[in-house]
Amino acid sequence: MTGANRGIGAAIAQGLAERGLTVVVGARDAASGEQAAQRLGGRAVPLDVTDDGSVRDAVARVEQWYGRVDVLVNNAGISGGHAGQLAGEADLAVMRAVFETNLFGVVRLTEACLPLLRKAVGARVINVSSGTGSLAWQSDSSHAFASSRIALAYPASKAALNMLTVLYAKALAADGITVNAVAPGACATDFAAALGLSLERTAEQGAAIAVHLATVPDCPTGAFLQDDGPVPW
C-alpha cells in the first residue's frame, strides 16, 4: 500500500497486519518505510507514485517476493498546501502537482499492479478518497462544506478519484476484482496539522473503513463508503 509509513496509511497498514495480512509498505522516504515495515512484520519498497520507474521497480519487487497482490490500497495523497488554491488566485502548477499524486499516481500504480491483482482470487483495490470530494456535500447548503473555505485542488482531485473508482470497478468486474473508495474523515494526523487543523478523530478511526473493506468476506464494488455507510457522490 502507498503512504503506509505515517498517518491514516500507517493505521490502515497496522489494521491489516493485525488481521493476518502481509503488508508491503510503499513510501517515498525509504528509511521511514523500512521502520514502518519492521513494526508490522512486513516489507518495504521505495515508492514514488509520480515516477514511472519507481512504480515499475516497486511492483517488480512485490512480484518477485509474492507473485500476486491481494489488496491494493491507494492511500498516498497531498493537499498542496494553502497557497494558490483559492478561486481567483489558482496556481496551475499547484493544481497539477496535487492531481499528479492524488489521481494520476493511482492510475499509474493500479495499472502496474493489474497483472498481480489478476493472479489473486477476489483481489481488492481500495482508494482512499475524502468526503470533500462529494459533489452532493459540496453543493448542499446545509452541509458544513457549504461554509468552509476549501482549496480547489484537493477536493477536485478526490472527486476525480471517485469517478476513477467507478470506472475501474466496472472494468475489472469480470476479473473478480472489487474497487471501492473510502472517506476516512478528517483525522488528527501530520497531514491535518500542516493545514492548521486541530482534530479529535484518530488515524485508527479513519483507517477502520479501509481495513473493513480489505478483510470483509463479501466486499461490494463501485462504492464510496465511510464508517456508517455510503457517502453521496
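How many cavities of 30 Å³ or more does the structure hold? One. Keep in mind throughout that this is a predicted model.

**Stop 1: the cavity**

Select Thr2, Val49, Asn74, Asn75, Ala76, Thr101, Gly105, Val106 and Leu109. These residues line the largest cavity. Its volume is about 50 Å³. Colour the lining by class: four residues are nonpolar, five are polar and none is charged. Now show helix α4, residues 92–118. This helix gives the largest share of the cavity lining, four residues. Keep α4 on screen for the next stops.

**Stop 2: α4 against α6**

Add helix α6, residues 153–172. The axes of α4 and α6 lie 9 Å apart, at an angle of about 20°. Angles under 35 degrees count as roughly parallel, and α4 and α6 are therefore roughly parallel to each other. Their crossing is right-handed.

Next, show the side chains where the two helices meet. On α4, pick Met95, Val98, Phe99, Asn102, Leu103, Val106, Val107, Thr110, Glu111, Leu114 and Arg118. On α6, pick Ala153, Tyr154, Ala156, Ser157, Lys158, Ala160, Leu161, Leu164, Tyr168 and Leu172. By class, this contact holds 15 nonpolar, three polar and three charged residues. Pause on Val106: this α4 residue is in contact with α6, and Val106 is also in the lining of the largest cavity.

**Stop 3: α4 against α3**

Hide α6 and bring in α3, residues 52–66. What angle do α3 and α4 make as they pack? About 25°, with their axes 10 Å apart. That makes α3 roughly parallel to α4. This crossing, too, is right-handed.

From α3, select Asp52, Val55, Val59, Val62 and Glu63. Their partners in α4 are Arg108, Leu109, Ala112, Cys113 and Leu116. Seven residues of this contact are nonpolar, none is polar and three are charged. Leu109 links back to the first stop: it meets α3 here and lines the largest cavity there.

**Stop 4: the second largest pocket**

Stay with α3 and turn to the second largest pocket. About 490 Å³ of space lies in it. The lining has 23 residues. Centre the view on Thr22, Val24, Val62, Val69 and Val71, which lie nearest the pocket's centre. Val62 should already be on screen, as one of the α3 residues that meet α4.

Which elements each supply at least two residues of this lining? Show β1 (24–27), α3, β3 (71–74) and α4. The largest share, four residues, comes from α3. Colour by class again: 18 lining residues are nonpolar, three are polar and two are charged.

**Stop 5: α1 against α8**

Clear the view. Select helix α1, residues 7–18, and helix α8, residues 203–215. Their axes come within 8 Å and cross at roughly 45°. That makes α1 oblique to α8. The crossing is right-handed.

Show Gly7, Ile8, Ala11, Ile12, Gly15 and Leu16 on the α1 side. On the α8 side, show Ala203, Glu204, Gly206, Ala207, Ala210, Val211, Ala214 and Thr215. This contact has nine nonpolar, four polar and one charged residues. Glu204 in α8 is among the residues to label here.

**Last view**

Bring α3, α4 and α6 back together. α4 packs with α3 at about 25° and with α6 at about 20°. α4 also gives four residues to the lining of the largest cavity and at least two to that of the second largest pocket.

Definitions and conventions. Residues are numbered from 1 along each chain as its sequence is written. This is a predicted model: local features need pLDDT of at least 70, side-chain atom pairs count only at pLDDT 80 or more; totals for chains, interfaces and linings use all residues. Side-chain values use heavy atoms; hydrogens and water are left out. Axes are lines fitted to C-alpha atoms, for helices over the stretch in contact, and angles run from 0 to 180 degrees between N-to-C directions. Angles under 35 degrees count as roughly parallel, over 145 as roughly antiparallel, 65 to 115 as roughly perpendicular and the rest as oblique. A crossing is left-handed if the near helix is turned anticlockwise from the far one by less than a right angle, and right-handed if clockwise. Contact means heavy atoms within 4.5 Å. Ala, Val, Leu, Ile, Met, Phe, Trp, Tyr, Cys and Pro count as nonpolar, Asp, Glu, Lys and Arg as charged, and the others, Gly among them, as polar. On a 1 Å grid over the protein atoms alone, a cavity is a set of points where a 1.4 Å probe fits but cannot get out, and a pocket is an open set with protein on both sides within 12 Å along at least five of seven lines; lining residues have an atom within 4 Å of a point. Grid points are joined across faces, edges and corners, and a volume is the space filled by probe spheres set on the points.
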